[in-house]
Amino acid sequence: MGSRPLRCAGRTPAYQGPVPGAPLSIVKRISKRPIGAGILATLALPARADWGQLNMPKGVSTLSREIHDLHMLMFWICLVIAFFTFGAMIVAMVRFRKSRGAVADQKFLHNARLEATWTIIPVLVLIGMAIPSVEKLVMIEDTSGSGLTIKVTGHQWYWQYEYLGSGVSFYSRLARESDVARQRGSGIDPATVENYLLDVDKPLVIPTDVKVRMLLTANDVIHAWWVPDFGMKRDAIPGFINEMWISVDADKPGTYRGQCAELCGADHGFMPIVVVAKPKAEFDAWLLSQKQVAGTALAATE
């Protein structure tokens, strides 16, 4: 076997050297403890570039931005509460511990002022947090004033989009390249397919800086329409109409991708969503061309 020492699986890595700037005696004491050695090993890791992904993305729509702002407000409020709460606990445990001669007060039962204070303050904090939350919830559900209405119907396993009042309607299915590559025995490396399982043959096209009202339903089972960059997700339920709205920022045209977010059957993972946001003038030109195509197709059937 030789004289090399064996390393046990799951064992904390051995201390490799002092952390720059830390007193050597303190570092040695910390390194002798498993938790301390783990902390030192973490500090020695190289910097990572993906820490920004720990937070909720801001998105590209009005609602996603408003939701992100509310999220950050609640985060800072909770951080302040945690600072004072855990700070008081730490002070109490350090200053009033038995090893320092602290003795529990057997006669101290309650303090009316203190109990009233720690009841009233949390109530006021919750009211302060509820006001902006309710305001955002009302905004999310308010579909009035929309400039375009699109009906979205979920099928197993594709989407149907209807631009109400225009006669434009089409199906949006998984792109053929992805559909072929996903087949067993296809011999195609999925890594060679661009936007594998996240591309469609006909994307949904919407204008930027316009409030788009979306009516969601389903033809068979429950689906869910979800594009993360828009900050919204809604279930598409058979026999029921759900509503939501999106408004992509004027300076954020582009292609945005999502997926069905409700387990809807065997091909649930092959039901992507692709939305192309165009400036208003480009969208109007696109919609006009689609109307002409739809009119030609209708005339051919008559």
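A salt bridge here is a side-chain nitrogen of Lys or Arg within 4 Å of a carboxyl oxygen of Asp or Glu. By that rule, R176, D179, R182 and D267 are linked in a network of salt bridges. The model is predicted. The protein has six helices and 10 strands. Of its 302 residues, 28% are buried.

**Overall build**

- The exposed area of the protein is about 20,200 Å². Carbon and sulfur atoms supply 61% of that area.
- Contacts between residues at least 6 apart in sequence were sorted by separation: 64% of them join residues at least 24 apart.

**Salt bridges**

- The count of salt bridges comes to 10.
- R182 takes part in two of the bridges described here, one with D179 and one with D267.
- In the D179–R182 bridge, the closest N and O atoms are 2.8 Å apart.
- In the D267–R182 bridge, the N to O distance is 3.3 Å.
- The D267–R182 pair links distant parts of the chain, 85 residues apart. D267 sits in the loop between β9 (254-260) and β10 (272-278). R182 sits in the loop between α5 (176-181) and β4 (204-207).
- R182 has 26% relative accessibility, so it counts as partly exposed.
- D267 is also partly exposed, because its relative accessibility is 21% and the buried class ends at 20%.
- K280 and D284 form another bridge, at 3.1 Å from N to O. Both residues lie in helix α6, four residues apart, which is about one turn of the helix.
- Both ends of the K280–D284 bridge are partly exposed: K280 has a relative accessible area of 42%, and D284 has 35%.

**Aromatic rings**

- The count of aromatic pairs comes to 10.
- One of them joins F83 and F84, whose ring centres are 5.4 Å apart. Their planes stand at 85 degrees, so the pair is edge-to-face; the cut-off for that class is over 60 degrees.
- F83 and F84 are both exposed.
- Ring pairs also link Y161, Y163, F170, F283 and W286 into a cluster.

**Charges over rings**

- R182 appears again here: it lies over the face of F270, at 4.0 Å from the ring centre. The same residue, R182, belongs to the salt-bridge network with R176, D179 and D267.
- K211 lies over the face of W245, with 4.4 Å to the ring centre.

**Nonpolar surface patch**

- F86, M89, I90, M93 and V94 make up a nonpolar patch on the surface. Together they have about 500 Å² of accessible area.
- M93, one of the patch residues, is placed in helix α3 (residues 62-95).
- M93 counts as exposed because its relative accessibility is 53%, and the exposed class covers values over 50%.

**A buried glutamine**

- Q290 lies in helix α6 (residues 280-301), the helix that also holds K280 and D284.
- With 18% relative accessibility, Q290 counts as buried; the limit for that class is under 20%.
- Leaving aside residues up to four places away in sequence, Q290 touches V168 and K202.

How values were computed
Residues are numbered from 1 along each chain as its sequence is written. This is a predicted model: local features need pLDDT of at least 70, side-chain atom pairs count only at pLDDT 80 or more; totals for chains, interfaces and linings use all residues. Side-chain values use heavy atoms; hydrogens and water are left out. Rings of Phe, Tyr and Trp (its six-membered ring) pair if their centres lie within 6.5 Å; planes under 30 degrees apart count as stacked, over 60 as edge-to-face and the rest as tilted. Buried means under 20% relative accessible area, exposed over 50%, partly exposed in between (1.4 Å probe, protein chains only). A charge sits over a ring if NZ of Lys or CZ of Arg is within 6 Å of the ring centre and within 35 degrees of the ring normal. Patches are made of residues with over 30% relative accessible area and no salt bridge: like charges are joined within 9 Å, nonpolar side chains (Val, Leu, Ile, Met, Phe, Trp, Tyr) within 5 Å. Accessible areas come from the Shrake-Rupley method with a 1.4 Å probe; for residues, only the protein chains shown count as cover. Helices (H or I, at least four residues) and strands (E, at least two) are DSSP runs, numbered from the N terminus. Contact means heavy atoms within 4.5 Å.
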